[in-house]
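Here is a set of short exercises to work through with the viewer open beside you. Try each task first, then compare your route with the worked solution.

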Amino acid sequence: MNNTILRAMSLRKSRGEDITAILKTYKNLSVDEMNEYLVYFDLPIIEEPLEDIKQKKISSLSSICHDMIEHGVDVEIDGTKEHFSYSIEKGDQGNIDDIFNLANATKLSQPYHADGGACKLYTPEQIMAIYVAQKTNKTVQETWFNQIKQYILSCNDKEEIKGIEYGQPLTGVYLENYNAILAQAQEIINAVIGGGN
């Protein structure tokens, strides 16, 4: 708690002012932060609106999804596990697309590098493995997130929404949609791999 706000609220409470109403005027305080002060003054807490809980959870899961994609994947190359990031900011996503297209068109080895590794030549098959692993990871993460987002938007149980964790199993129609999308994505990958030979 901020000591300046705490002193101000103590003074205003001693004058009989409505602490809850005053705290709501502090636009930079979250409902959780306001409730800390209310608990301190032994006042009833503010119920966070359902829509705020939904948006907070969606935003949190979206951030994790982004991180999971950009973190990248491990790919076994010549018996050694190598890690490849997939960051937009670092250009990884565009680079692997370009290198995959060159390897596919020329059937020649391409220069590329794993995270922290030196640039070296990767065979067209190795480039394809890296490309497929990164694209698959991106599809899996985005599809899971989009399905759980739809579930959150349909849910009216605040505690259930708060308890959702990244990567938890999907159920019902959300699992069905997830499986259908991933099956189609696999068909696309198979067509790309088949088209590259």
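**Exercise 1. The main core**

How many residues does the largest nonpolar core have, and which of them have the most contacts inside it?

*Solution.* Keep in mind that this is a predicted model.

Step 1: The count for the largest nonpolar core is 32 residues. The residues with the most contacts inside this core are Tyr112, Tyr122 and Ile130.

Step 2: Next, look for the elements behind it. Two or more residues each come from α4 (50–71), β1 (73–77), α5 (92–106), α6 (124–154) and α8 (172–195). The largest share, eight residues, belongs to α6.

Step 3: Zoom in on Tyr122. Setting aside residues up to four places away in sequence, Tyr122 touches Ile77, Glu82, Phe84, Ser109, Gln110, Tyr112, His113, Ala114, Ile127 and Ile130.

Step 4: Now look for a separate core. There is a second one of 13 residues, and Ile5, Leu6, Tyr37 and Phe41 are among them.

As background, nonpolar side chains tend to be buried together in soluble globular proteins.

**Exercise 2. Checking a helix by its length**

Find what span the 22 residues of α4 should have, and compare this with the distance between the end C-alpha atoms. Then find which residues of α4 are buried.

*Solution.* Step 1: Use 1.5 Å a residue; the expected span is 32 Å, because one less than the number of residues is what gets multiplied.

Step 2: The end C-alpha atoms of α4 are 32 Å apart, which agrees with the expected span.

Step 3: The buried residues in α4 are Leu50, Ile53, Lys54, Lys57, Ile58, Leu61, Cys65, Ile69 and Glu70. Their cover includes α5, α6 and α7 (158–162).

Step 4: Look just past the helix. Gly72 follows α4 and has a positive phi, near 90 degrees.

**Exercise 3. Two helix pairs**

Decide how α4 is oriented relative to α6, and do likewise for α5 and α6.

*Solution.* Step 1: For α4 and α6, the packing angle is about 175 degrees and the axes are 9 Å apart. An angle over 145 degrees counts as roughly antiparallel, so α4 is roughly antiparallel to α6.

Step 2: Find who makes this contact. On the α4 side, the residues include Lys54, Ile58, Leu61, Cys65 and Ile69. On the α6 side, they include Gln141, Trp144, Phe145, Ile148 and Ile152.

Step 3: For α5 and α6, the axes come within 9 Å and cross at roughly 140 degrees. That makes α5 oblique to α6. The crossing is left-handed.

Step 4: List the partners here as well. Gln93, Ile96, Asp97, Ile99, Phe100 and Ala103 of α5 meet a set of α6 residues that includes Pro124, Ile127, Ile130, Tyr131 and Gln134.

**Exercise 4. Three residues to classify**

Are Gln147, Ile22 and Asn35 buried or exposed?

*Solution.* Step 1: The cut-off for buried is under 20% relative accessible area.

Step 2: Gln147, in helix α6, has a relative accessible area of 8%, so Gln147 is buried. Beyond residues up to four places away in sequence, Gln147 touches Leu170, Val173, Tyr174, Asn177, Tyr178 and Ile181.

Step 3: Ile22 sits in helix α2 (residues 19–24) and counts as buried at 10% relative accessibility. Its contacts, with residues up to four places away not counted, are Met9, Arg12 and Glu17.

Step 4: Asn35 lies in helix α3 and is buried too, at 10% relative accessibility. Leaving aside neighbours within four places in sequence, Asn35 is in contact with Ile45 and Ile46.

**Exercise 5. Positive phi in loops**

Where are Asp42 and Lys107 found, and what is phi for Asp42 and for Lys107?

*Solution.* Step 1: Start with the background. Most residues other than glycine have a negative phi.

Step 2: Asp42 belongs to the loop between α3 (31–40) and α4. Its phi is positive, near 55 degrees. With 70% relative accessibility, Asp42 counts as exposed.

Step 3: Lys107 is in the loop between α5 and β3 (110–112), and its phi is also positive, near 60 degrees. The relative accessible area of Lys107 is 46%, so this residue is partly exposed.

Notes:
Residues numbered from 1 in each chain as written. Predicted model: local features only at pLDDT ≥ 70, side-chain atom pairs only at ≥ 80, totals over all residues. Heavy atoms only, no water. Core = buried A, V, L, I, M, F, W, Y, C linked by side-chain atoms within 4.5 Å. Buried < 20%, exposed > 50% of the residue type's maximum accessible area, 1.4 Å probe, protein only. Helix = DSSP H or I, 4+ residues; strand = E, 2+ residues; numbered from the N terminus. Contact = heavy atoms within 4.5 Å. Axes fitted to C-alpha atoms, helices over the stretch in contact; angles between N-to-C directions. Parallel < 35°, antiparallel > 145°, perpendicular 65-115°, else oblique. Left-handed = near helix turned anticlockwise from the far one by under 90°.
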